[in-house]
Structures are given as C-alpha cells and as structure tokens.
Amino acid sequence: MKASLLIALLAVVSASAHAGAGAAAQKAEVCAACHGADFNTPISADIPRLAGQYPDYLARALTDYKSGARKNALMNGQAEGLSAQDITELSAYIGALPSSLIVIPLHRFIR
Ligand code: HEC
C-alpha cells in the first residue's frame, strides 16, 4: 500500500517536472527522428543540423514552413501542427543546444 502510494507520487512529481523546461525537449522528440537526438547528427546529408542555430532563424524557418511561404514536403507537414508558442519554445531549445557548426568571421580572409 505504502509503496504503491510512493510510486504514484513519484509519477506525479516527474510528470510536472516535464511540463516546465522538459516541455520543449518533449516536443522536439519527433523532430529528433530526422535531425538527430542532439540536433547535430541528422540521419541523412540532406537534413540540416539545427543545434546552436540562432533561435530567430529557426523560428522564421518554422513559421514560413507553417504558412507555406517556404516549401518542403517534409517540413510543411511537420510545422503545420505547431502553435506560435511551440515554435518559440522549440527554437529556444534547439538554439541553445551545443553545436559543431562554427562561424569564421570574414575579416580573417579579407583585409
Ligand atoms: C521526416 C524528417 C524530418 C522531421 C521529422 C523534421 N524535419 Fe526539420 N527538416 C527536414 C528536412 C529534409 C529539412 C530541409 C528542408 C528544406 O530544404 O527546406 C528540414 C529543415 C528544417 C529547418 C530549416 C533549417 C534551415 O537551416 O533553414 C528547421 C528549423 C527544422 N527543420 C526544424 C524542425 C523541427 C522543429 C521539427 C519537429 C517539429 C522538424 N524539423 C522535424 C526533415 C525533418
């Protein structure tokens, strides 16, 4: 009896922990199927790396896929069910992930 009550309580606690910071991670699980669990190792070369990308760039891309302004059969389908808040949360989450992409400032080459 006591053990089952404890298990039930633990389930409630972990469910509410997921609702906060974990919510975006949970929403991103479906995306990870193609973009990679770390968003840095996509499953094929024609799928972009997203980890560490500017959140406003990600949000713009997702908003354009949703509206149809940017066309891609896979991503139009992925974005159509996202709310504006989903897009904001996913973009912040993915943009904060560690990235292997680097930007080399142009002035190092052009003087
Ligand atoms: C079925 C595979 C698949 C899934 C699932 C998927 N994507 Fe994509 N994603 C792609 C492909 C392919 C592209 C490149 C499309 C293009 O050329 O416009 C892409 C492009 C993107 C881009 C644009 C990147 C850029 O550099 O412009 C963003 C942002 C993005 N995906 C976010 C997501 C998010 C967020 C999810 C989950 C809601 C998701 N994707 C789920 C395959 C997928």
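Modeller: A crossing is right-handed if the near helix is turned clockwise from the far one by less than a right angle, and left-handed if anticlockwise. The model is predicted: local features need pLDDT of at least 70 and side-chain atom pairs 80 or more, while totals for chains, interfaces and linings use all residues. Residues are numbered from 1 along each chain, and side-chain values use heavy atoms, without hydrogens or water.

Biologist: Is the crossing of helix 4 and helix 6 left-handed or right-handed?

Modeller: Helix 4 covers residues 55-67 and helix 6 residues 84-95 (DSSP runs of H or I, at least four residues, numbered from the N terminus). Pro55, Leu58 and Lys66 of helix 4 are among the residues in contact, as are Ile87 and Gly95 of helix 6 (heavy atoms within 4.5 Å). Helix 4 passes helix 6 in a crossing that is right-handed.

Biologist: How many residues apart in sequence are the parts that His35 and Met75 tie together?

Modeller: The iron atom of the ligand has His35 (NE2) and Met75 (SD) as protein donors, 2.0 to 2.2 Å away (N, O or S within 2.8 Å of the metal, 3.2 Å for Na, K and Ca). His35 belongs to helix 3 (residues 29-35) and Met75 to helix 5 (residues 73-79), so the separation of the parts they tie together is 40 residues.

Notes: Axes fitted to C-alpha atoms, helices over the stretch in contact; angles between N-to-C directions. Helix = DSSP H or I, 4+ residues; strand = E, 2+ residues; numbered from the N terminus.
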